[in-house]
Amino acid sequence: MAALAENRYGKSRVRLVRVNRKSTMHDFQEWTVEVLLQGDFLTCFTEGDNSKILPTDTMKNTVYSLARDSADECMEEFAKKTIGFLLRRNPQVSGAEVSISEKAWEHLQTGGQPHPTTFVQASAEIQTTKVTQTRASDFSVSAGFENLVVMKTSGSAFEGYIQDSLTTLPPAKDRLLGTTVSATWNYKQTDVAFASVRAKVHEILLAQFAAHQSKSVQHTLYAMGKAVLEDVVDVNDIELAMPNKHCLLVDLSRFGQDNPNEVFVPVDEPHGNIQARLRRAG
């Protein structure tokens, strides 16, 4: 005998571009949306009864229709609106989750000025959010970003670690520290100024990465997360993942040359992977 324990279904990778033409300086956004529903869908699984199933194609169309009428400029507010729409129209749905990722597009600079209708994808960084709600609870909102590539050429060391018969890594007083930061944080409330808080968190994390005198990736990760919790009251906790992107010093001695920490070979694999979640104490 089998019993359905949990289930959800929805539409993934709904690609959406929005252009705001309300002024001569256009705005351009590229989002990828995922919609997932939970609810009374037991008979669909057990009996093939689709009478309570909202087609995933309809979910896709819902995203585009709401995008046409929505004035929301941030992902979090659009996700909340999408969930509210789906819950109102589908009494069989007990909860919904909408996740959105956004690619980074900026106005092209020409002659030192932003071009009003031309854009460039300046980095591979992706902004993210996940919004959930059930009929029995309020919204839950998390935000973050992925693939933020950063590098510092000073202020980073790695010494004092365990050295055994298999250790070949030499201690370093001054090494390159490169990483691809992924961050996710949860909001205390669901009516905050999401765009401005996101920008502030982003700024704090980068400033701490740059200024921190690092003794390890772990040391810097903690300092970055701690600074966010100290300076941004709207954030309840933050999770960071920082893989260590190694740059290995090239041995030029066989060519009769020195290498005063200037010539390296980047190595993508294997790499260290440091992860931690910080929350407010008490």
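**Exercise 1. Work out the strand order of the open sheet and find its edges.**

Start with the order: the open sheet has eight strands, arranged E1-E2-E3-E4-E5-E6-E7-E8 with antiparallel pairing. Strands here are DSSP runs of E with at least two residues, helices are runs of H or I with at least four, and both are numbered from the N terminus. Two strands pair if DSSP finds at least two bridges between them.

Next, the edges: strand E1 (9-20) and strand E8 (264-279) each pair on one side only. Then the twist, which averages 20 degrees from one strand to the next. Axes are lines fitted to C-alpha atoms (for helices over the stretch in contact), and angles run from 0 to 180 degrees between N-to-C directions.

A word on what you're looking at: this is a predicted model, so local features need pLDDT of at least 70 and side-chain atom pairs count only at pLDDT 80 or more, while totals for chains, interfaces and linings use all residues. Residues are numbered from 1 along each chain as its sequence is written, and side-chain values use heavy atoms, with hydrogens and water left out.

**Exercise 2. Follow the pairing from E2 through to E5, counting bridges.**

Step one: E2 and E3 are antiparallel, with nine bridges, and Val 35 sits opposite Val 98 in E3.

Step two: move on to E3 and E4, also antiparallel, where the bridge count is 14. These two make a hairpin with two residues between them, and Gly 111 in the turn has a positive phi of about 60 degrees. Thr 110 has Gln 113 of E4 as its bridge partner.

Step three: E4 (residues 113-134) meets E5 (residues 140-152) in antiparallel fashion over seven bridges. Here Thr 129 is partnered by Ala 143 in E5.

**Exercise 3. Place helices H3 and H4 against the strands.**

Take H3 (residues 75-89) to begin with: this helix packs on the sheet and touches E2 (27-39), E3 (93-110), E4, E5 and E6 (177-187). Contact means heavy atoms within 4.5 Å. The direction of H3 makes about 150 degrees with that of E3.

Now H4 (residues 194-211), which lies across E4, E5, E6 and E7 (235-249) and runs at about 30 degrees to E5.

**Exercise 4. Describe the largest pocket and its lining.**

Volume comes to about 920 Å³. Of its 34 lining residues, Asp 27, Phe 28, Gln 29, Glu 73 and Glu 102 are the closest to the centre. (On a 1 Å grid over the protein atoms alone, a pocket is an open set of points where a 1.4 Å probe fits, with protein on both sides within 12 Å along at least five of seven lines; lining residues have an atom within 4 Å of a point.) A volume is the space filled by probe spheres set on the points, which are joined across faces, edges and corners.

For the elements, E3 contributes most, with six residues.

**Exercise 5. Find an aromatic pair linking E2 and E3.**

The count is seven aromatic pairs, using rings of Phe, Tyr and Trp (its six-membered ring) with centres within 6.5 Å; planes under 30 degrees apart are stacked, over 60 edge-to-face, the rest tilted. One of them is Phe 28 with Trp 105, edge-to-face at 5.2 Å centre to centre and 70 degrees between the planes. Phe 28 is in E2 and Trp 105 in E3, so this pair ties together parts 77 residues apart in sequence.
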